[in-house]
Amino acid sequence: MIGEIPTGTLPGATISAVIFEGLTITTPDGKPARLAIIDENGQVIEAGQNVEREAWNVSIASYKNFLQGNGHLRVQTEPPGTRHKNNKAA
């Protein structure tokens with residue numbers, strides 16, 4: 001997506017990013033918060049800094065692909081030890 005990207009839509013949290021720090025998540029009062037992956041039944045599958053790091057890495061890999069002219073390739077994460085046939089390393 002070229003152009004303005006909407007941010008600031010979460011009333012209960014702030015997500016910020018600095019290229020050399022990754023993602024930072026805070027509550028409205030400025031206290032640290034964490035990202036989590038929750039399944040359709042409400043169960044927490046993963047949570048914490050590993051989720052934040054993985055989300056950041058996938059975002060950066062996707063952006064790098066775009067800058068290299070490979071903008072329509074999917075970058076995805078998967079459990080350790082598994083490889084997807086269409087997974088492109090960034």
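Biologist: How far does H1 reach from its first C-alpha to its last?
Modeller: H1 has 19 residues, a helix here being a DSSP run of H or I with at least four residues and a strand a run of E with at least two, each numbered from the N terminus. Taking 1.5 Å times one less than the number of residues, you'd expect 27 Å. H1 comes close to that, reaching 27 Å.

Biologist: What kind of model is this?
Modeller: Residues are numbered from 1 along each chain as its sequence is written, and side-chain values use heavy atoms, with hydrogens and water left out. Local features need pLDDT of at least 70, side-chain atom pairs count only at pLDDT 80 or more, and totals for chains, interfaces and linings use all residues; the model is predicted.

Biologist: In what order do the elements run from the N terminus on?
Modeller: The protein chain has one helix and four strands. Reading from the N terminus, the strands come before the helix, giving β-β-β-β-α.

Biologist: Which strands help cover the buried residues of H1?
Modeller: Start with what's being covered: the buried residues of H1 are Val51, Glu52, Trp56, Ala61 and Asn65. The cover over them includes strand E1 (14–18), strand E2 (22–26), strand E3 (36–38) and strand E4 (44–47).

Biologist: Is glutamate 52 buried or exposed?
Modeller: Glutamate 52 sits in helix H1, which spans residues 49–67. Buried means under 20% relative accessible area, exposed over 50%, and partly exposed in between (1.4 Å probe, protein chains only). Glutamate 52 has 7% relative accessibility, so the label is buried.

Biologist: Which residues more than four places away does glutamate 52 touch?
Modeller: Touching means contact, with heavy atoms within 4.5 Å. If you skip neighbours up to four places away in sequence, the list for glutamate 52 is Leu23, Ile25, Ala33, Arg34 and Leu35.

Biologist: Which residue in E2 is the bridge partner of valine 18?
Modeller: E1 and E2 run antiparallel and are joined by five bridges; DSSP has to find at least two bridges for strands to pair. A hairpin of three residues links E1 to E2. Across from valine 18, the bridge partner is glycine 22.

Biologist: Which two residues form the aromatic pair?
Modeller: The structure holds one such pair, meaning rings of Phe, Tyr or Trp (its six-membered ring) with centres within 6.5 Å, called stacked if the planes are under 30 degrees apart, edge-to-face over 60 and tilted otherwise. This pair is stacked, at 6.5 Å centre to centre and 20° between the planes. Both partners lie in helix H1, three residues apart, or about one turn. They are tyrosine 63 and phenylalanine 66.

Biologist: What relative accessible area does phenylalanine 66 have?
Modeller: Tyrosine 63, the partner in the stack, has 47% relative accessibility and therefore counts as partly exposed. Phenylalanine 66 is partly exposed too, with a value of 40%.

Biologist: How far is lysine 31 from alanine 13 in space, C-alpha to C-alpha?
Modeller: Lysine 31 belongs to the loop between E2 and E3 and counts as exposed because its relative accessibility is 51%. Beyond residues up to four places away in sequence, lysine 31 touches Ile25 and Thr26. Alanine 13 is 18 residues away in sequence, and the C-alpha to C-alpha distance is 9.6 Å.

Biologist: What follows H1, and what is its phi?
Modeller: Past the end of H1 comes glycine 69. Its phi is positive, near 85°.
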